[in-house]
Amino acid sequence: MLGRATTRVLQADTFKQMNRDRLFQGSQLNRLLGKNFSAQEHVILKEMWRSPRGLPGRAAARGVHRVWKTWLCKTCSQNASQPSSQSTPNVRTQAEKERRRREKAKAILNNQHNVEDKGMKWSDKEKIAYTASTPAGQKKDTTLPFPPSYSPAYVESSWYEWWEKEAIFTPETHDKLPGAVNRCFSMCIPPPNVTGSLHLGHALTVAVQDALVRRRRMQGYKVLWVPGCDHAGIATQTVVERRLFRERGKRRQDLSREDFLQEVWKWKNDKGDEIYHQLRKLGASLDWSRACFTMDPSFSSAVTEAFVRLCDSGLIYRSERLVNWSCALESAVSDIEVDCKQLTGRTLLSVPGYQRKVEFGTMVTFAYPLEGEDGELLVSTTRPETMLGDVAIAVHPDDPRYQAFHGKHCRHPFTGRLLPIVMDTLVDMDLGTGAVKVTPAHDHTDFLLSQRHSLPRLTVIGGDGTMTPPYGQWLKGVKRFDAREQVIDALLEKKMFRGKKDHAMSLPICSRSGDVIEPLLKKQWFVRCEQMAQKALKSVDEGQLEIIPNFYTKTWKIWLSNISDWCISRQLWWGHQIPAYQVIVPGSANTEEERWVWGRSEAEAKERAAVKYGAAADSIKLIQDPDVLDTWFSSALFPFAMLGWPQQTSDLRQFYPNTILETGSDLLFFWVARMVMLGTELTGQLPFKQVLLHSLVRDKHGRKMSKSLGNVIDPLDVISGISLESLQQKVREGNLDPREIVVAMEAQRTDFPRGIPECGTDALRFALCSYKAQGEDISLSVSQVLSCRHFCNKMWQTVRFTLNVLEQKEAELEPLEETFPLSGVDRWLCSSLYSTLLQVERDFEIYELHLVTAALHSFWLHSLCDVYLECIKPVLSQQGGGAVASGQRERQVARSVLYHCVSVSLALLSPFMPFLTEELWQRLRPFSGQGGDEGGASLCLQPYPQSAQLAHWHFPQEEADFPLVQEVVRVARSLRAQCGMTKEKPDMWAVCSPSQAQTLLCFGPAVQTLGRISTLHIRCPEIAGGEISFPSAPPPPKGSAVGVVDHSCQLHLKVQGSLNVSKLDHELSQRREKLLSKLEQSLSRTRVPNYSEKVPEKVRLQNENKISALEQELKNIEEQLSALDQAKTTKRK
């Protein structure tokens, strides 16, 4: 019987390899969660399911942790615009993500993405330097001649230093605001790591936050936006340790803790201000007088206070649990600092501390002999070195293959330990052999089994990654992966080795050290999270806290409903040393039990110890815990610690809770949830009222921007420009895998063959805010930023034109409230600005900044530049004439309308483009008629425009009529081009309905100017039983070129000279055939099965718009061909 069982085990082993990474089905998941576990077991089980990182060994093999990860994946990837019941979850396992990553890398290397990017065609622009002698902090001289073209370097010079010196960004300026209101707006910047530098993802955060902050400041709010930097415990210590070894050949352990910390502070003071420099270059209007570093004395006091209060309330406790351990750092690390590397099979990897590469991605099978009888039980593992810590073998109680093994034992071949065969429903009998080895001190699942069956926990790997002696003297001091080979050799020697196979697995890697994560049993400090998580859930359910976009609420609920206790101990020197002290009482009988107290100081801790243990304070000895607190613990205090908590400061009273938190969606759990939990617990209030989440920034190939991929772009390189050679030098200097270097450099050659052009801060900020940040990830293209730089130049030239107009000084400009437009195009432009302002107000309030920027861009470019400036040039150039008074009045109104539209638009754009708008506004300011510096001399402090101010500019009829004018101009231009009349200004007849005729009469000068028409004749066909209120023009001349505007409006262009009808007919026919082919291609894409379900809504909408445009153009061509046929017939007659 035993032989048959063994055979079945060996046969099942192949099945085990095939199914190792399969996910539990929903019914199995529910069955597992429905078991009767104890409260403590539930905590561990939740932690196991919650963990978003791969675990080595059998935990990964069973796929338990993957179930939770996939569950979150399903939740987060659903389309927010559809009900969840209709959504198709975008489930990606780690293996799928790795496969896609490889495919993208292959596509880059094969140059498959080398599609010509028209937006990246650029030529070097003349760089104009600001050469005036302006001391730092002094206002820029805007009386200098206006440069001929936009130059970012010229525009951005000197302004920020002046803003900062004038304390424009501090809340104390509130009293100087002309439109001050009794409301506060506060926000903190997500504190970046002091070791790093900002990339475009950070730049997105800054651009969005600064737009919100600057608008509120201009609206008269008392605004506080606090800058900060995180001490980044692991990252900073690692950087300094490497530097210490490189420069002096010393390790951290060669120095005392105090000496090493001095080295860290020295590095921080020398190198730690790079991020602040980048923030200033990005134009962030932060209050630098309140800059906050998480290791500042005041902030450190807040951290200590928080720890003591949480300990006093029982929310922090000390316990022995499994943690993610980096042997290279000799410290526990958080989940966010663990990356998963997907292996498809046997793979050799470099591991810190090993001269040669280490083998991973294999499964070793060996036998455990049964005790007291012949036979053996086969088990498989990816980590044979841990078998020295095996304490049992687990099988499912209902598994028929192992019914005969109930109550029996196996004998450990090396330690001689008896291993009980335990029955547990946690074992999935359908996976593998159904028998698993239990190593509680090195595996999360096995730790749970040890609790259920009272099994010992034997640690066989130390914190330094070497084998510990108690359970294998022959391996004492041997590195864990060297021990792996020695264990296999020993199994071969004892004839218990049964084979090794390739095995696809997920390998957890420490992102800070590159080391393979080792689950180790350690005594650490933990935060009880369940009670605080329930409060955080309730705050969202009851509407006290709003998460934007709303679909992240589901993720919030899932995470917090399944939260585990939080390990906050880190075995580092750099950071906030835990204010807990081990108590040693002389003469105490129990020396094995750990005794701990905590306090705001050692003196307070000693007093607490004296009371707690009934001893004299002088006789007690305290030893402070050498560990430091997790960096996320101090970061979670940022919204209130930055304001001086626990002291009841003026800032805390005014600006807490913060108004809003804006950050990346990837920090929802690691930072946002912890801020909500600790903020509510420690202050009694939520730390903020709203959470605004933006998506991740990806490169144009769809890859997440990551230092490990070498595709991170420094925003300063986009602002100032950089050559391809310099970009590639940065990749070579990075600590990248050689394969990633090849991919990264090829991507750079493809994307930036000539480097990145100088785009400027304003263009970068405007481009970042132009993406829809709520929802889909952002695939940022530098060509979009370059396009925004062109827009900056358009703004520059518009103001240049405006200044030329204003300098004529025919009459004083009328105030905004007294400016009433006269002509139809004046009224249309003013009303367009009013409608734009309404949209800006509406979309700003719901944080849809991409709609705000789109509205402002469209108004300036298409309404102001493309239409209005062209229309008023003839008006402004009129001199004298018969109607001198009327012409002068028309020019005066046009000048006022132009000035106010440009000024209001600059104010509206100021939150997005602070440098350019300040420069241009200061140039216009002398014409405003304002005396002195009332309300501040900066646009930053001017009142933000309100729609109520422009209510007298609302002309809905002109707005409704103008699309007809634009279509008539488009068709007229098309006719002129078709007829080869590019320089002539022919007469044109518009044959249309009476209502259309009224519109064209109102906008006649605009049609003539924009369509380059000499005279516009308007003819209305006779209407039976009715009369028209204007003289109708005679019929158009024969032989005119005909264009169709719509079913009731045709344009007839008088051809000067002979029209080549045959040539025009041939060109239109050719164009029709091309359009028909394109239309059929587009329609064929919509005929695929399940088109509406398979194709994303965004793509479907693009297809529909394309089809509609093609159909409309075909219709126009058909009508033009029909008109040409009529012309041919008439000519023959």
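Reading strands, turns and cis bonds

Guide: Start with one pair of residues: the bridge partner of Arg321 is Lys522, which lies in β18. The model is predicted.

Visitor: How many bridges are there between β5 and β18, and in what sense do the two strands pair?

Guide: To read a pairing, take the direction and the bridge count together. β5 pairs with strand β18 (residues 518–527) in the antiparallel sense, and the pairing extends over 10 bridges.

Visitor: Is β5 mostly covered or mostly open?

Guide: Background first. Side chains in a regular strand alternate between the two faces of the sheet. As for β5, eight of its 11 residues are buried, so the strand is mostly covered, with buried taken as under 20% relative accessible area.

Visitor: How many bridges join β5 to β6?

Guide: Two bridges join them, and the strands run antiparallel. Within this pairing, Ala332 in β6 stands opposite Trp325.

Visitor: How many residues lie between the strands of the hairpin of β5 and β6, and which residue there takes a positive phi?

Guide: The hairpin has four residues between its strands, and Glu330 takes a positive phi near 55°. The sign of phi is to be read with the residue type, and Glu330 is not a glycine. Glu330 sits in the loop between β5 (316–326) and β6 (331–332). Its relative accessibility is 35%, so Glu330 counts as partly exposed.

Visitor: Where is Lys495, and what is its phi?

Guide: Lys495 lies in the loop between α15 (480–493) and β16 (497–502). The phi of Lys495 is near 60°, again positive in a residue other than glycine. Lys495 is exposed, with a relative accessible area of 68%.

Visitor: Is Ala284 buried or exposed?

Guide: Place in a loop does not settle the matter; the accessibility has to be read as well. Ala284 is in the loop between α12 (274–281) and β4 (292–293). Its relative accessibility is 0%, so Ala284 counts as buried.

Visitor: Which residues does Ala284 touch, leaving out those up to four places away in sequence?

Guide: Ala284 touches Tyr160, Phe169, Val206, Asp210, Trp225, Leu279 and Arg765. For one of these, Trp225, the separation along the chain is 59 residues, while the C-alpha atoms of Ala284 and Trp225 are 9.3 Å apart.

Visitor: What is the strand order in the open sheet that contains β22?

Guide: Read such a sheet from one edge to the other. This one has three strands in the order β23-β22-β24, paired antiparallel. β23 (596–598) and β24 (621–624) each have a single partner strand, so they stand at the edges and one side of each lacks a neighbour in the sheet. On average, neighbouring strands of this sheet are turned by 40° against each other, direction ignored. Strand β22 (residues 580–584) pairs with β23 over three bridges, and Tyr581 stands opposite Val597 in β23.

Visitor: Which helix lies across β22, β23 and β24, and at what angle does it run to β23?

Guide: Helix α18 (residues 602–613) lies across these strands, and its angle to β23 is about 135°.

Visitor: Where are Pro646 and Pro657, and what is the form of the peptide bond leading to each?

Guide: Here omega is the angle to read. The bond from Trp645 to Pro646 is cis, with omega near 10°, and Pro646 lies in the loop between α20 (638–641) and α21 (650–655). Tyr656 and Pro657 are also joined by a cis peptide bond, with omega about 0°. Pro657 lies in the loop between α21 and β26 (658–664).

Key:
Residues are numbered from 1 along each chain as its sequence is written. This is a predicted model: local features need pLDDT of at least 70, side-chain atom pairs count only at pLDDT 80 or more; totals for chains, interfaces and linings use all residues. Side-chain values use heavy atoms; hydrogens and water are left out. Two strands pair if DSSP finds at least two bridges between them. Axes are lines fitted to C-alpha atoms, for helices over the stretch in contact, and angles run from 0 to 180 degrees between N-to-C directions. Contact means heavy atoms within 4.5 Å. Buried means under 20% relative accessible area, exposed over 50%, partly exposed in between (1.4 Å probe, protein chains only).
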